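Visitor: Could we go through this structure together? I should like to begin with the aromatic rings.

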Protein chains: 2
Amino acid sequence: MIRPLLSASALSLAATALWADPLPSWNAGETKSAIISFVEAVTDPASETYVTPADRIAVFDNDGTLWAEQPAYFQLFFAIDQVKKLDASALTSDALKAAAAGDVEALLATGKEGLLEVLAASHTGMSVADFQASVAAWLDEARHPTTGRPYDAMVYQPMLELLVYLRDEGFDTYIVSGGGIDFIRVLAPDAYGIDEAQVVGSSLVTEYVLGEAGPVLMKMPDLFFNDDKAGKPVAINHHIGKRPIFAGGNSDGDFQMLEWTTSGEAPGFGLYVHHTDADREWAYDREGHIGVLNRGLDEGAEHGWHFADMAKDWAVIFPATE
Amino acid sequence: MIRPLLSASALSLAATALWADPLPSWNAGETKSAIISFVEAVTDPASETYVTPADRIAVFDNDGTLWAEQPAYFQLFFAIDQVKKLDASALTSDALKAAAAGDVEALLATGKEGLLEVLAASHTGMSVADFQASVAAWLDEARHPTTGRPYDAMVYQPMLELLVYLRDEGFDTYIVSGGGIDFIRVLAPDAYGIDEAQVVGSSLVTEYVLGEAGPVLMKMPDLFFNDDKAGKPVAINHHIGKRPIFAGGNSDGDFQMLEWTTSGEAPGFGLYVHHTDADREWAYDREGHIGVLNRGLDEGAEHGWHFADMAKDWAVIFPATE
């Protein structure tokens, strides 16, 4: 009577695999169902909309989509913390003084030029390796101003599950962010399971310099690429060379990425994370000082895009702390 | 007596796997041994120089390294063949007229400006998708002027084996070419088993344009990135975000890529393909009109780089034709 027992056990195992919820932190609802239906429709070889694994490309914005972005972009807090370490004599402008004092509001009041000064002071004139070492040290030490969590613990649990689910189903998952490519690469492998080579972002000009101790890649002050809005499909083509079939974003900066993803011949899924939960996260869209979402809210439905309403669709926001 | 038979068969299988030559088209010699020793030293977990699979990045130049580049870059033949299709009224310069007449020498005599005109006429003012469709059609039809082979049958068999060997040993293999990224991506998956996302190259500015039929990515006339010389380590950082441990090239345009690869903390292997075989391929280095190799020959040894002498080290140059 060994065989029947084995069969029953095998059957139970198969049933578990078949029925296990790939997105346990997503509440049942239209958006969760739409994600799962889409993935099944492109991965089932018998499906008319089957997509070969090599073409299962999924792209995600980072700030506000995979991790939080309030009260300001986390990369800005990194920049401010670097400016705090400068000698007083280096604080030659209102923006740098505001940053050194940790006064985010005063810094933002200095406008784009002030932000660029803080960016230059914290992100340039050093090698990529030294920069990334300082980002790693900052991630270890710094804590978010309102939650007290490490910044890389402010990733969204439901999105982590979505990344794993997509990869389990043969997708390659990419980050396509307006944030800095060298910055995000420091955290992407551990925080998201995304390899450095699958991170796309904004970047400064980098220069290859041969010094006495050997060659280094130096971060220069000029912008090389602004990975935002219409720049996102351009960067996707540049780095990936294929049109994605799944795109997730949260702001109008992601509009063209979703548009590009969902206007190919293959089926495409557009997902907007909608920040609706002032209790557990933040609530903002049209009026946000960052992560502004107007066009996406107005035109998303006619494009067939889906919205993850954080208050309604997400059972959990952040991963449990240890 | 079934078990001993099975064991013997298993043993024989293991022995075959252990002793099979991973590089059958490479003649026994210093270079082949050095490649295999290096791969073993970075993949054996017991080795002091073990490198984790995620960091096993190998980068290869394309023209003259993975496929031939004589009597001129193959992408130039593509450009010429596109210009041949233009109306006579569009041939507004000596360069365009020379290209349309298929006169490579006269075209080269018009210098860099003439080449840029031919590049503009054949590579810009169209979408990336339309451009790549024309490259695919060209690869199907065009034949190399001296061998009569399809261009993508002029890949080097020993290098194909090296790519497979490295991937079998857990490496990610990338192309890092001075040639056009959109061009190479058309052939890389079939010719080399290299995914589009693992192709790095030179590129023109691309623009996201929303037309009546939906969005397209248009190829514009301005240069976006020149992936040559010191640009290669920069592009490697931009696309891959890690320092490679294996680099293959054939010209001084690859010098900095080999230098960057072999000056990290991890062990690094630098390989120069040396065109020494006038009978089976072409013989050129210091005096070549393309693929010039001076600094690499002068300084390669002191960097510990290895040379694949095509006449001596390669038993076969091109794959067998059907």
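**Aromatic pairs and a helix**

Guide: In this predicted model, ring pairs join Trp67(A), Phe74(A), Phe77(A), Phe78(A), Phe131(A), Trp138(A), Tyr151(A) and Phe183(A) into a cluster.

Visitor: How many aromatic pairs does the structure hold over all chains?

Guide: There are 41 over all chains. One of them is formed by Phe78(A) and Trp138(A), which meet edge-to-face at 5.5 Å centre to centre, with 80 degrees between the planes.

Visitor: Which helices hold Phe78(A) and Trp138(A)?

Guide: Phe78(A) belongs to helix H3 and Trp138(A) to helix H7 of chain A, so the pair links parts of the chain 60 residues apart.

Visitor: Is Phe78(A) buried or exposed?

Guide: Phe78(A) is buried, with a relative accessible area of 0%. Trp138(A) is buried as well, at 5%.

Visitor: And how are Tyr156(A) and Phe318(A) arranged?

Guide: They form a stacked pair, 5.9 Å centre to centre and with 25 degrees between the planes. Tyr156(A) lies in the loop between H7 and H8 of chain A and Phe318(A) in the segment after helix H13, so the pair ties together parts that are 162 residues apart in sequence.

Visitor: Back to the cluster: what lies over the face of Phe131(A)?

Guide: Lys219(A) does, at 4.4 Å from the ring centre. In chain B, the charged end of Arg243(B) sits over the ring of Trp260(B), 3.6 Å from its centre.

Visitor: Changing topic, what do the buried residues of H8(A) pack against?

Guide: Their partners in chain A include helices H2 and H9 and strands S1 and S2. Among the buried residues of H8(A) are Met159(A), Leu163(A) and Tyr165(A).

Technical notes: Residues numbered from 1 in each chain as written. Chains lettered and ligands numbered in written order. Predicted model: local features only at pLDDT ≥ 70, side-chain atom pairs only at ≥ 80, totals over all residues. Heavy atoms only, no water. Buried < 20%, exposed > 50% of the residue type's maximum accessible area, 1.4 Å probe, protein only. Helix = DSSP H or I, 4+ residues; strand = E, 2+ residues; numbered from the N terminus. Contact = heavy atoms within 4.5 Å. Phe/Tyr/Trp six-rings, centres within 6.5 Å; stacked < 30°, edge-to-face > 60°. Lys NZ or Arg CZ within 6 Å of the ring centre and 35° of its normal.
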